[in-house]
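Subject: Structure handover

Hello,

Here is the structure you are taking over. My notes on it follow below.

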Amino acid sequence: MRAVVITDTSNRTVGIADVPDPVPGDDEILVDVKACGINFTDLLSLDGKYQNNPPPPFTPGKDAAGVVSAVGANVPGHTVGDRVIAHVIHGAMAEKTVCPAAMAFTLPGGVAFDDAAALGLASLTAYLALTRRGRLTAGEVVLVNGASGGVGLAAVGIAKALGAKTVLAGLTTPSKGDAVLAAGADAVIDLTVDELKDNLRAQVMAATDKHGVDLAFDLVGGEVFDSTLRA
């Protein structure tokens with residue numbers, strides 16, 4: 001099969017190569033990949049900075065959407081022909097990938113493979129951060145910093161779907177405002193302004209009619225915290 005292969009992480013040596021088809025273990029499934037996602041972790045993999053990298057050569061990619069083509073002896077929940085989204089440590093950027101059965105989930109027929117492949121790591125990160133770390137409840141106001149990235153865009157949409165009253169999108173590239181507004185943000189917060197400490201507060205207050213925010217989602221620091229940006 002063909003696969004993307006990183007052969008040297010010291011100089012980003014990467015290409016497409018013919019490699020042997022993977023074989024699923026007893027608790028794994030084999031997926032014919034129709035689409036795969038690209039995440040920030042894949043850029044880290046190119047430089048050898050991702051903590052779960054195997055030694056080169058290896059195939060990157062954590063999110064795959066496709067069709068099950070083989071199942072291991074101990075796999076009861078998947079059958080050949082099932083449409084799935086598969087979450088793997090690496091190996092999604094190939095024509096076939098092996099996935100632990102517990103990390104593959106049935107994909108409804110109405111969801112395109114391309115869309116499904118983009119819903120893995122980014123959407124799961126955003127959902128867990130908002131619900132488990134931030135404990136978002138309906139009616140709250142949320143500020144998402146770094147809102148134009150994969151996780152940020154997912155956080156904007158998920159926050160709205162979970163009933164957030166107002167979602168503010170913090171950007172260091174204001175020209176990306178149209179994208180975050182299309183994703184569901186109610187207002188854009190410009191993080192490039194001078195005197196950010198004071199001007200961030202002023203923008204938030206203006207956008208929320210002096211209510212402030214209940215939850216700030218910091219994608220740069222990887223933290224979710226209660227905000228002090230209140231009147």
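What is the volume of the second largest pocket? It comes to about 190 Å³. Please keep in mind that this is a predicted model, and that every value here is computed from it.

Pocket and cavity

The lining of that second largest pocket includes Met1, Val5, Val19, Pro20 and Pro22, together with Thr59, His90, Gly91 and Ala94. Lys96, Thr97 and Val98 belong to the lining too. Strand β6, residues 96-100, gives the most to the lining of this pocket, with 3 residues. Sorted by class, the lining of the second largest pocket holds 7 nonpolar, 4 polar and 1 charged residues.

Closed space was counted as well. The count is 1 cavity of 30 Å³ or more, and the largest cavity holds about 50 Å³ of space. Among the residues that line the largest cavity are Thr41, Asp42, Ser45, Tyr50, Asn52 and Asn53. Phe58, Pro60, Gly61, Lys62, Ile89 and His90 also line the largest cavity. His90 is thus named in both linings, that of the second largest pocket and that of the largest cavity. By class, the largest cavity is lined by 4 nonpolar, 6 polar and 2 charged residues.

Salt bridges

How many salt bridges does the count come to? The count comes to 4 salt bridges, and three of them are described here, beginning with Arg2 and Glu95.

The side chains of Arg2 and Glu95 meet at 3.4 Å, N to O. Arg2 is in strand β1 (residues 2-8) and Glu95 is in the loop between β5 (83-87) and β6, so this salt bridge ties together parts that are 93 residues apart in sequence. Glu95 counts as partly exposed because its relative accessibility is 36%.

Asp47 and Arg12 also pair through their side chains, with an N to O distance of 2.9 Å. Asp47 sits in the loop between α1 (40-46) and β4 (63-71), while Arg12 sits in the loop between β1 and β2 (13-18), so the pair ties together parts that are 35 residues apart in sequence. Asp47 is partly exposed, with a relative accessible area of 29%, and Arg12 is partly exposed at 43%.

Lys160 and Asp186 form a salt bridge at 3.0 Å, N to O. This pair links distant parts of the chain, 26 residues apart: Lys160 is in helix α4 (residues 150-161), and Asp186 is in the loop between α5 (177-182) and β10 (187-190). Lys160 has a relative accessible area of 30% and is partly exposed; Asp186 is partly exposed as well, with 40%.

Backbone points to check

Arg12 comes up again for its backbone. Its phi is near 55°, a positive value in a residue other than glycine. Glu195 is another residue other than glycine with a positive phi, near 50°. Glu195 lies in the loop between β10 and α6 (196-207) and is exposed, with a relative accessible area of 61%.

Where is the peptide bond that is cis, with omega near 0°? It runs from Pro56 to Pro57, and Pro57 is in the loop between α1 and β4. Gly48 is found in that loop between α1 and β4 too. At 40% relative accessibility, Gly48 counts as partly exposed. Gly48 and Thr9 are 39 residues apart in sequence, and their C-alpha atoms are 5.0 Å apart in space.

Surface patch

Which residues make the nonpolar surface patch of about 240 Å²? The patch is made by Tyr127, Leu128 and Leu162. Tyr127 lies in helix α3, residues 121-133. Tyr127 is partly exposed, with a relative accessible area of 40%, so it passes the patch cut-off of over 30%.

Overall

The protein has 6 helices and 12 strands. Its C-alpha trace spans about 60 × 40 × 25 Å along the principal axes. Of the 231 residues in the protein, 41% are buried.

Regards

How values were computed: Residues are numbered from 1 along each chain as its sequence is written. This is a predicted model: local features need pLDDT of at least 70, side-chain atom pairs count only at pLDDT 80 or more; totals for chains, interfaces and linings use all residues. Side-chain values use heavy atoms; hydrogens and water are left out. Patches are made of residues with over 30% relative accessible area and no salt bridge: like charges are joined within 9 Å, nonpolar side chains (Val, Leu, Ile, Met, Phe, Trp, Tyr) within 5 Å. Accessible areas come from the Shrake-Rupley method with a 1.4 Å probe; for residues, only the protein chains shown count as cover. Helices (H or I, at least four residues) and strands (E, at least two) are DSSP runs, numbered from the N terminus. Buried means under 20% relative accessible area, exposed over 50%, partly exposed in between (1.4 Å probe, protein chains only). On a 1 Å grid over the protein atoms alone, a cavity is a set of points where a 1.4 Å probe fits but cannot get out, and a pocket is an open set with protein on both sides within 12 Å along at least five of seven lines; lining residues have an atom within 4 Å of a point. Grid points are joined across faces, edges and corners, and a volume is the space filled by probe spheres set on the points. Ala, Val, Leu, Ile, Met, Phe, Trp, Tyr, Cys and Pro count as nonpolar, Asp, Glu, Lys and Arg as charged, and the others, Gly among them, as polar.
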